[in-house]
Amino acid sequence: MSGRNLRFIAFRAGPETFLIDIMAVRQIVMAGKSTSVPTAPSFIEGVIVYRNEVIPVVDVNARLYPQRENAADQPLVLLTHTTAGVIGLKVDEVRRIVMLGSEELLPAPAMVRGIRGEFLVAIAQQNEEIFLVLDVNSLLSSDEQRELRSASLS
């Protein structure tokens, strides 16, 4: 008996390729200049206005690899549905759609979870490529989600 098939968007942030559930992604847009908001939480790069909606943008590279320089020439923003509302995830590159069976998702070892691993829900391998599966709702802690909602950015 095989598990159910799941679809993910593969993207690169820093040196790794990550997956998020395709159903969480509303749209992919070119990253333009975001506007910083003085009262915004520190994890928000800024806001963009897209189709008359103000959307906070989280730089995924900076969130997952705080000491690393962001080197993307043309970053993209994944507009995603989260429990905190719509947020933009600024990524280095969007790679492709990846189909995986649920049985292909392997639990992330506790040791790996230590590297900002609260975001990491699974690891998957397809051919020679290894993917780190993120929970888009876990990119922001409960406190950060509350802070974001109360900042009246969305």
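Me: In this predicted model, what percentage of the contacts in the chain between residues at least 6 apart in sequence join residues at least 24 apart?
Reply: The contacts counted here are those in the chain between residues at least 6 apart in sequence. Among these contacts, the share that joins residues at least 24 apart is 61%.

Me: In which order do the helices and strands of the chain run from the N terminus on?
Reply: The chain has 3 helices and 10 strands. Read from the N terminus on, with β for a strand and α for a helix, the elements run β-β-β-β-β-α-β-β-β-α-β-β-α.

Me: What percentage of the 154 residues count as buried?
Reply: A residue counts as buried when its relative accessible area is under 20%. Of the 154 residues of the chain, the share that counts as buried is 47%.

Me: Which residue forms a salt bridge with E53, and is that residue buried or partly exposed?
Reply: The structure holds 6 salt bridges, and in the one formed by E53 and R26 the closest N and O atoms are 2.7 Å apart. This pair links distant parts of the chain, since E53 belongs to strand 5 (residues 53-59) and R26 to strand 3 (residues 25-30), 27 residues apart. E53 has 28% relative accessibility and counts as partly exposed. The partner of E53 is R26, and with a relative accessible area of 34% R26 is partly exposed.

Me: With which residue does R95 form a salt bridge?
Reply: R95 itself is partly exposed, with a relative accessible area of 36%. In its salt bridge the closest N and O atoms are 3.1 Å apart, and the partner is E129.

Me: Which strands are tied together by the salt bridge between R96 and E129?
Reply: The side chains of R96 and E129 meet in a salt bridge at 3.2 Å, N to O. R96 lies in one strand and E129 in another, so the pair ties together parts that are 33 residues apart in sequence, namely strand 8 and strand 10.

Me: Which residues are joined into one network by salt bridges that share partners?
Reply: Side chains of opposite charge can pair when their charged atoms come close. Here, salt bridges that share partners make one network, and the residues joined in it are R12, D92 and E93.

Me: How many residues are in the largest nonpolar core?
Reply: The members of this core that touch the most other members are F11, F18, I20, L64, L78, L89 and L134. Strand 1 (5-13), strand 2 (16-21), helix 1 (60-64), strand 6 (76-82), strand 7 (85-91), strand 9 (120-126) and strand 10 each give two or more residues to this core. A second, separate core of 10 residues includes F8, A10, F131 and V133, whereas the number of residues in the largest core is 30.

Me: Which residues does L89 touch, not counting residues up to four places away in sequence?
Reply: L89 is one of the residues that touch the most other members of the largest nonpolar core. Not counting residues up to four places away in sequence, L89 touches I20, V58, V60, L76, V77, L78, T80, V136 and L139.

Me: Which strand gives the most to the lining of the largest pocket?
Reply: About 180 Å³ of space lies in the largest pocket, and of the 14 residues that line this pocket, the closest to its centre are R7, F8, I20, D21 and I22. The elements that give two or more residues to the lining are strand 1, strand 2 and strand 10. The one that gives the most, with 4 residues, is strand 1.

Definitions and conventions: Residues are numbered from 1 along each chain as its sequence is written. This is a predicted model: local features need pLDDT of at least 70, side-chain atom pairs count only at pLDDT 80 or more; totals for chains, interfaces and linings use all residues. Side-chain values use heavy atoms; hydrogens and water are left out. Buried means under 20% relative accessible area, exposed over 50%, partly exposed in between (1.4 Å probe, protein chains only). Contact means heavy atoms within 4.5 Å. A salt bridge is a side-chain nitrogen of Lys or Arg within 4 Å of a carboxyl oxygen of Asp or Glu. A nonpolar core is a set of buried Ala, Val, Leu, Ile, Met, Phe, Trp, Tyr and Cys residues joined through side-chain atoms within 4.5 Å. On a 1 Å grid over the protein atoms alone, a cavity is a set of points where a 1.4 Å probe fits but cannot get out, and a pocket is an open set with protein on both sides within 12 Å along at least five of seven lines; lining residues have an atom within 4 Å of a point. Grid points are joined across faces, edges and corners, and a volume is the space filled by probe spheres set on the points.
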